[in-house]
Amino acid sequence: MNAPEHFLERAPLLLRDWVTGALPEPWRWLANSLIAIAVILAVFGLLFAFLTLVERKVLGRVQNRPGPNRTGWFGVLQPFADGIKMLTKEDIVPRSADQVLHFLAPVLLLAFSILTFAVIPYGRHLLPVELDAAVLYFFAAGAATELAVFMAGWASHNKYALLAAMRALAQLISYELPLLLAVVPVVMLAGTLSTAGIVEAQGGWTFGFLPQWHVFSPWGFAGFVIFMIAALAESNRSPFDLPEAESELIAGHLTEYSGFKYALFFMAEYFGMCALSGLAVTLFLGGWQPPLPFLAIVPSYAWFGLKLIGLLLGFIWIRATFPRLRIDQLTRLAWKFLVPLALVNLATAAFWVLTRDWSGALRVSRWLIGAVLVVGPYLLLSRALFRGLGPRRYTYAA
């Protein structure tokens, strides 16, 4: 690595050390931690603001309308106008609501979402907290968001909010299992629960140019697809946005929220989506690793950012493309398709581990067998999923 590359790679650390270098040693750790927290909040806060603008622009283009374009050049200041509006709107709390839980629900939801950012490696030297069990920590913090959603529905003392909270719990528990099962093969092959170790395990090249990312293997591709589908449901994103279904439940657990509390829910949803996308990049897309050897001159945090933005744009595209599922379709997809497919993928990953020493013609047969182990169960389970379900019949008034 030449001198300019080395400088760009270490530039964030050099800047941090320059700021905190004059402090006594006992205070330097605290200052470094506060700077890391401030940078994460600033970066993902701005990402949240402009992601909402991009989403509204893309949805507008798909629906043949311009989207927000009045505030600032090309509507670029619209997120800040929305933020000021939310801050100045009246906070209305129902008289019969539980005042304490009604306030705590959005605060806890946002706090748990922010905690998940701590263990994601954003670059070669940019890991806020290095834990040996970072993957377990991520899912423990993420699962706590379900408690906050139910707390919001219960505290509102509204039948639509309570029904939506129970529906949200059923959805989140149903998709938590395939989400975890999709991660188990990654932990098996990497041999560690550390996110930094998982990224390091995906280093190196096949044939000198093909990255050894997990997604470029039969079990890794299947695990990545299962993970992203479950991540859509865990984020309450379309087509799994049933807890907030406006046409059925008004706005679900958000019905009795307004002003800044509503904005906190909105922010937590996008933070959760960013965190799950960051974990998907870490587990399956090589983390901060470049896609080609000669592109290693680009700083590692730039590659992580590009991959993260690519997945977030995929979330937006899916929202603009797919209609909302019914609750029975949603649960059937989880328990009759994703969970069995994720269990079969465990066996595929085990086969991949046991045959890692195969070479020559056996190496080709290894890929073929791995592909059959992925495609075969997919076809069988997809047929079983729709068995007995005829085409819907519509009746119209004469």
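In this predicted model, E269 has a relative accessibility of 17% and therefore counts as buried, the limit for that class being under 20%. The side chain of E269 meets that of R237 in a salt bridge, with a distance of 3.8 Å from N to O. This pair links distant parts of the chain, since R237 is found in the loop between α8 (218-234) and α9 (246-249) whereas E269 belongs to helix α10, and the two are 32 residues apart. R237 is also buried, because its relative accessible area is 2%.

A salt bridge of 3.0 Å, N to O, joins the side chains of R324 and D241. R324 is placed in the loop between α11 (300-321) and α12 (327-354), and D241 in the loop between α8 and α9, so that this pair ties together parts of the chain that are 83 residues apart in sequence. With a relative accessibility of 30%, R324 counts as partly exposed, while D241, at 16%, counts as buried. Beyond single pairs, salt bridges with shared partners connect E55, R237, E269 and R319 into one network.

A search of the whole structure finds nine salt bridges. One of the salt bridges is formed by D82 and R56, whose closest N and O atoms are 2.9 Å apart. Because D82 lies in helix α3 and R56 in helix α2, the pair ties together parts that are 26 residues apart in sequence. Both partners fall in the partly exposed class, D82 having a relative accessible area of 22% and R56 one of 37%.

The largest nonpolar core holds 81 residues, and the members that touch the most other members are F44, F117, Y175 and F227. Helix α10 (residues 259-284) supplies the largest share of this core, namely 14 residues. When neighbours within four places in sequence are left aside, F227 is in contact with F139, L179, A182, V183, L276, L279, A280, L283 and F284. Four of the contact partners of F227, L276, L279, A280 and L283, carry numbers that fall within the range of helix α10, 259-284, as does F284.

Nonpolar residues are also found on the surface, where L23, W27, W29, L30, L34, I37 and L41 form a patch with about 750 Å² of accessible area together. Of these patch members, W29 has its place in helix α2, and it is exposed because its relative accessible area is 63%, the limit for that class being over 50%. A further tryptophan, W73, lies in the loop between α2 (25-62) and α3 (78-88). W73 likewise counts as exposed, because its relative accessibility is 73%. Between W73 and I226 the separation is 153 residues in sequence and 39 Å in space, taken from C-alpha to C-alpha.

The geometry of helix α5 (residues 134-155) can be compared with expectation. At 1.5 Å a residue, the 22 residues of this helix should span 32 Å, and the C-alpha atoms at its ends are 32 Å apart, so the two values agree. Helix α5 is followed by H157, a residue whose phi is positive, near 55°.

Methods
Residues numbered from 1 in each chain as written. Predicted model: local features only at pLDDT ≥ 70, side-chain atom pairs only at ≥ 80, totals over all residues. Heavy atoms only, no water. Expected span 1.5 Å × (residues − 1). Buried < 20%, exposed > 50% of the residue type's maximum accessible area, 1.4 Å probe, protein only. Core = buried A, V, L, I, M, F, W, Y, C linked by side-chain atoms within 4.5 Å. Contact = heavy atoms within 4.5 Å. Salt bridge = Lys/Arg side-chain N within 4 Å of Asp/Glu carboxyl O. Patch = residues over 30% accessible without salt bridge, like charges linked within 9 Å, V, L, I, M, F, W, Y side chains within 5 Å. Areas by Shrake-Rupley, 256 points an atom, 1.4 Å probe, with all protein chains shown as cover.
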